[in-house]
Amino acid sequence: MMKQEIIFNLPVKDLDRSRAFFSALGFRINPQYSNEQAAFMDIVGGVHIMLMTEGFFQSLINKPVINATEANEVIICLMCDSREEVDSLIAKAAAGGARIPHPPEDHGFMYDQGFEDLDGHLWNLVWTAPQD
């Protein structure tokens, strides 16, 4: 049976700076799987990110590492418990140097806003109203 966990591997230019940025968002570093080339961080439940130096990331693939400030392949979406949690995480991301590309979108049943992290990876934070 497959273990119920997801790990996003992301190349970063400055591992220490990215580690500090995501720690400020509340993500926890798991030192058991971290070293000078990578930082394994717990996001929520069984979802994690592995921040890797670009050189280490490149050693695992046979294609060029994309510059996420110029092109994107994925948007990582995290579900939040409330509108306030969305706003709080966006404020922390902005304070840590993230680019906020647009104001929050309020659709009544759904509230979301995104940020671009220090390396250009896109994150979207979403709250949805409970279903009856």
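Arg 28 has Asp 42, in β3, as its bridge partner. Strands β2 and β3 (residues 38–44) pair in the antiparallel sense over 2 bridges; strands pair if DSSP finds at least two bridges between them. Strands (E, at least two residues) and helices (H or I, at least four) are DSSP runs, numbered from the N terminus. The model is predicted: local features need pLDDT of at least 70, side-chain atom pairs count only at pLDDT 80 or more, and totals for chains, interfaces and linings use all residues. Residues are numbered from 1 along each chain as its sequence is written, and side-chain values use heavy atoms, with hydrogens and water left out.

**Sheet**
- An open sheet of 4 strands has the order β1-β4-β3-β2, with mixed pairing.
- β1 (6–12) and β2 (28–29) each have a single partner strand, so one side of each is left without a neighbour in the sheet.

**Nonpolar cores**
- The largest nonpolar core (buried Ala, Val, Leu, Ile, Met, Phe, Trp, Tyr and Cys residues joined through side-chain atoms within 4.5 Å) has 26 residues, and Phe 22, Phe 27 and Ile 49 are among those with the most contacts inside it.
- The largest share of this core, 4 residues, comes from α3.
- A second, separate core of 5 residues includes Phe 40 and Met 52.

**Aromatic rings**
- Ring pairs (centres within 6.5 Å; stacked under 30 degrees, edge-to-face over 60, the rest tilted) link Phe 21, Phe 22, Phe 27, Phe 115 and Trp 123 into a cluster.
- The ring centres of Phe 115 and Trp 123 are 6.0 Å apart with planes at 5°, so this pair is stacked.
- Phe 115 is buried (under 20% relative accessible area, 1.4 Å probe, protein chains only) at 3%, and Trp 123 is buried at 2%.

Technical notes. Buried < 20%, exposed > 50% of the residue type's maximum accessible area, 1.4 Å probe, protein only.
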